[in-house]
Each structure stands twice: as structure tokens, then as C-alpha cells.
Amino acid sequence: MQIQQLILPTMGCGTWAWGNRLLWGYDESMDSQLQAVFNLCVSNGVTLFDTGDSYGTGRLNGRSELLLGRFTHEYQGINKEDICIATKLAAYPWRLTRQSMVKAGKSSAQRLGRVDLVQMHWSTANYAPWQEGALLDGLADLYEQGLVKGVGLSNYGPKRLQWVHKRFTERGVPIATLQVQYSLLSTYPVTQLRVKDVCDELGIKLIAYSPLALGILTGKYSEKGPFPKGIRGLLFRQLLPGTQPLLSCLREIAQLRNKTMSQVALNWCICKGTIPIPGAKTVEQAKENIGALGWKLDASEIAELDRVAASVDKKMVQNIFQTK
């Protein structure tokens, strides 16, 4: 099966992120809960799971990929044949050759059982452009050697994307997907960089990571607190006061639709022609995200959300690796 056949059906039934968000505060007692989340998602037609070889470093040592591989192997319910396993290979400073990327891809496949879609986690163009060519060559080698069904990118802007597309086209390697940070609080890649226009022109599917803006768009956090710990809490303190008009708009539409704010925010991403990949650590979170599927916001609702989102003065901080 070609990777586009694996990915395209998820446009109507949703996708899921499987990575660092699931490992925050992780301990082994969570395994059965995460297995239940995985089973629920697949049984409801959520079949694209995205992770990365950098999710679960240190003491966790590739735990994200190991868990996803185990859950995929053990799942025996409906839609099993539609499961698409995607991982991202990090552009670590010590990965300097194409062989290092091939080795990384093989290691991920060993942990996951297989890799359907392999992606470059980020571009080195912003700090070490000389490193990137060999890593991209290794990514293409994985495809040419039949070790993966498709190749994708992450955090690439339109100029860098076109450069990679030209490089891959010369080798007959299609780019299946591009991941960018995209939500009502992070429209920059689409509205300013115009990356979706380039993706549409080149036949690349745009994946929206962090579609709930780290949880701000769920409506579960007040500008008065309590806030998450660490850097995330500091970010929330800066953003929440200015996002109240947007959150009010989300809340109003959610009430009229008998949906949650999260479901409206995710559906907005889908209506924009992207594939959102929210994370979920609990069955309750998974059920809520699944509720974003099977319906569509109307044009007036989308226009109102667009208008209010554009008026927010402080947006989500962009990924430092995002290129132009």
C-alpha cells in the first residue's frame, strides 16, 4: 500500500500524535492506560500515529517508539490494516552522514516494528545548512531501499520545502507530508509563510501539530491560574490574557454546536485542509478529540474564528527550527 493511500483516509477520520506529550510525567504504570487510548483511537478510525526517535531520551531511551510498536503489534481490532506508523528522525549534531540517517531509520523500525512514514524532524538550515544535505540523502535512501513507504518533513517553510522537493524529485522520491505548528494561535506558517499553498501545488499533505496550542484552546486554563509548571506555565501567563476574545468565540460556537472548545479548535484545523495531530494520555482525552470528527464548521463560523484569531496580539511562540 502506498503512503498516500494510508494517509488520505485519515482526513475524514482523524489522526493522532504519539510522542513527547504522552511522556510528560510518564511512568510504567501508565502503559495499560496508553494501550486503551491507542485501542480506542484505532477502533474509531484514527489510524495515523506520529512519534519521533527523540521522544523518550535519557532514562526513557526510545520509550515512545517502543510503546507504539508494542501497541500496534498487540492490537487485533477493526482498522488494524489501516494503521499508519510515522516517526521523525532528529537532526542531531552527531548525525553527519547519510548512513547515520539510514541507521537511525532502521533503529526506529526495530523499536516500532515498522515505519510507514519517515520524516526529517527539523531542518538545520537556520544554524548548520551544510549538515542537511547528507541527512536528506539518508532519508531518501530509506525510501529507495524500501525500508519505508513514504517520506515527510517537519518545520520546513516554503522556500526550504521547494529546495528539498527539487532535490528529491531528481531521485524520484515524493514528499508525502509536511508538519508545521498550526492552530488558531499559530497561523503563521499558513497565513504569512503561505506554506499550504506550496503544499497544495506540490501534492503534499499538511499536518498540524500542537493544534490545541499546548492546551490553551481547550478552555481549561484561566488567566488567573493555576498554570502548568515550568516554561509552559510562563508561556500561559503571557498568552492567556490576550486570548480571551478567541476563547470566548470558541466557547460560544461550542455551546451552539453542543461540542467542546477543543473539538471546535480541531475541526477548524480540519476545515482548513490540514491533518491535526492532537495528543491524548487518557481515554477521556481521546474521546473528546474523537468528537471533533464527523462534522464541519460552516463558512460563517470559520470566518468569525479567523477574524478573532487575527486580532490576538500575542501568538504562540514559533518553533526555533521553523524555516522560511
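This report walks through the strands, the nonpolar cores and the aromatic pairs of one protein chain.

**Overview**

The model is predicted. The protein chain has 324 residues, and 57% of them count as buried. It contains 15 helices and 8 strands. Contacts often reach far along the sequence. Among those between residues at least 6 apart, 80% join residues at least 24 apart.

**Strands S5 to S8**

Start with strand S6, residues 175–181. Buried or exposed: which word fits the residues of S6? 7 of the 7 are buried, so S6 is largely enclosed by the rest of the structure.

S6 pairs with strand S5 and also with strand S7. The table lists these pairings, together with that of S7 and S8.

| Strand pair | Sense | Bridges | One bridge pair |
|---|---|---|---|
| S5 (residues 150–154) and S6 | parallel | 4 bridges | Val151 and Ile175 |
| S6 and S7 (residues 205–209) | parallel | 5 bridges | Gln179 and Ile207 |
| S7 and S8 (residues 275–277) | parallel | 3 bridges | Ile207 and Ile275 |

Helix H8, residues 158–169, belongs to this region too. Together with S5 and S6 it makes a β-α-β unit, and that unit is right-handed.

S7 continues the picture. Thr177 stands opposite Lys205 in S7. Ile207 of S7 is the bridge partner of Gln179. Ile207 also has a bridge partner in S8, namely Ile275. Of the 5 residues of S7, 4 are buried, so this strand is largely enclosed by the rest of the structure.

**Nonpolar cores**

In soluble globular proteins, nonpolar side chains tend to be buried together. Here the largest nonpolar core has 88 residues. Which members touch the most other members of this core? They are Leu153, Leu178 and Leu305. Helix H13, residues 261–271, supplies the largest share of the core, with 7 residues.

Leu178 has a long list of contacts, leaving aside residues up to four places away in sequence. Leu153, Ser154, Asn155 and Tyr156 are among them. So are Val195, Cys199 and Ile204. The list also includes Lys205, Leu206 and Ile207.

A second core is separate and has 9 residues. Its members include Leu48, Cys84, Leu117 and Ile207. Ile207 thus appears in this second core and among the contacts of Leu178.

**Aromatic rings**

A pair of aromatic rings is described by the distance of the centres and the angle of the planes. The structure holds 8 aromatic pairs. Tyr92 and Trp94 form one that is stacked, at 4.5 Å centre to centre and with 15° between the planes. The two partners differ in exposure. Tyr92 has 16% relative accessibility and counts as buried, whereas Trp94 is exposed at 62%.

Tyr127 and Phe321 form another pair. Why is this pair called tilted? The ring centres are 5.9 Å apart and the planes stand at 55°, so the pair is tilted. Tyr127 lies in the loop between strand S4 (117–120) and helix H7 (129–144). Phe321 lies in the segment after helix H15 (299–311). The pair therefore ties together parts that are 194 residues apart in sequence. Tyr127 is partly exposed, with a relative accessible area of 42%. Phe321 is partly exposed as well, at 22% relative accessibility.

Ring pairs also build a cluster, which links Phe38, Phe49, Phe71 and Tyr75. Elsewhere a charged residue meets a ring. Arg160 lies over the face of Trp163, 4.0 Å from the ring centre.

Methods
Residues numbered from 1 in each chain as written. Predicted model: local features only at pLDDT ≥ 70, side-chain atom pairs only at ≥ 80, totals over all residues. Heavy atoms only, no water. Phe/Tyr/Trp six-rings, centres within 6.5 Å; stacked < 30°, edge-to-face > 60°. Buried < 20%, exposed > 50% of the residue type's maximum accessible area, 1.4 Å probe, protein only. Helix = DSSP H or I, 4+ residues; strand = E, 2+ residues; numbered from the N terminus. Lys NZ or Arg CZ within 6 Å of the ring centre and 35° of its normal. Core = buried A, V, L, I, M, F, W, Y, C linked by side-chain atoms within 4.5 Å. Contact = heavy atoms within 4.5 Å. Pairing = 2+ DSSP bridges. Right-handed = clockwise from strand over helix to strand, strands pointing away.
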